[in-house]
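Colleague: Could you take me closely through one part of this model, a strand with its pairing partner and the core beside it? I would like a connected account rather than a list.

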Amino acid sequence: MNSPEIKIVRLRTGEDIVASLTTDTDNVVLDNPMHLIFKRTENGTAMLLIPWLPIELIKTNTAKILSKEILTIIEPLDNFVDYYNRISLYHEMSMLQESEEIAQMKESMMQEDDDNDLITDGSGPHDEEYSVEDISLTRDDAIELIVRKKMNRLH
């Protein structure tokens with residue numbers, strides 16, 4: 001497999017996808033794929049980058065596609081790669097925040113269940129006193145978590 005590079009991929013369906021791309025003989029792995037959409041109007045051209053996969057529903061934002069589904073692979077401009085990286089990081093941070101919010105809701109629900117228990121023996125997993133509000137994550141911490149997550153991927 002080749003090392004990942006940011007590329008624009010035109011699929012047979014006509015879709016343009018921007019992603020960190022890794023190839024092997026028969027497949028292409030798209031990491032953090034974003035759908036590139038152009039809106040041309042009389043006032044000019046607007047460009048949109050939106051997640052290509054339903055990132056709210058999947059564990060990893062990665063897709064493996066057959067090489068034969070690709071018409072062409074294009075090298076983007078450096079400033080476009082920077083823009084893609086910022087948008088991609090924003091979406092990953094949003095997903096991380098949503099994951100934290102879900103964990104907070106679960107914790108809150110578990111706390112409510114513990115509060116509603118009639119008998120406790122003090123040996124339960126939630127007997128320690130702590131508040132989810134006491135846990136905070138800085139922007140740098142979030143970026144570090146995302147980078148570590150990417151480094152631990154097998155592909």
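Modeller: A good place to begin is the pair Thr41 and Gly44, since Thr41 stands opposite Gly44 in E4. Please keep in mind throughout that this is a predicted model. The hairpin that joins E3 to E4 passes through two residues, and the two strands, E3 and E4 (residues 44-51), run antiparallel and are joined by eight bridges.

Within strand E3 lies Asn32, which has a positive phi of about 55° although it is not a glycine. Asn32 counts as buried because its relative accessibility is 3%, where the cut-off for buried is under 20%. Asn32 is also among the residues touched by Val18, together with Pro33, Met34 and Leu36, and the contacts of Val18 further include Ile6, Lys7, Ile8, Leu49, Phe80 and Tyr84, leaving aside residues up to four places away in sequence.

Val18 in turn belongs to the largest nonpolar core, whose ten residues are Ile6, Ile8, Val18, Met34, Leu36, Leu49, Phe80, Val81, Tyr84 and Ile87. Two or more residues of this core come from each of strand E1 (5-11), strand E3 (27-41) and helix H1 (78-116), and the largest share, four residues, is given by H1. Apart from this core lies another one, of nine residues, among them Val9, Leu11, Leu21 and Ile65.

Methods
Residues numbered from 1 in each chain as written. Predicted model: local features only at pLDDT ≥ 70, side-chain atom pairs only at ≥ 80, totals over all residues. Heavy atoms only, no water. Core = buried A, V, L, I, M, F, W, Y, C linked by side-chain atoms within 4.5 Å. Buried < 20%, exposed > 50% of the residue type's maximum accessible area, 1.4 Å probe, protein only. Contact = heavy atoms within 4.5 Å. Pairing = 2+ DSSP bridges.
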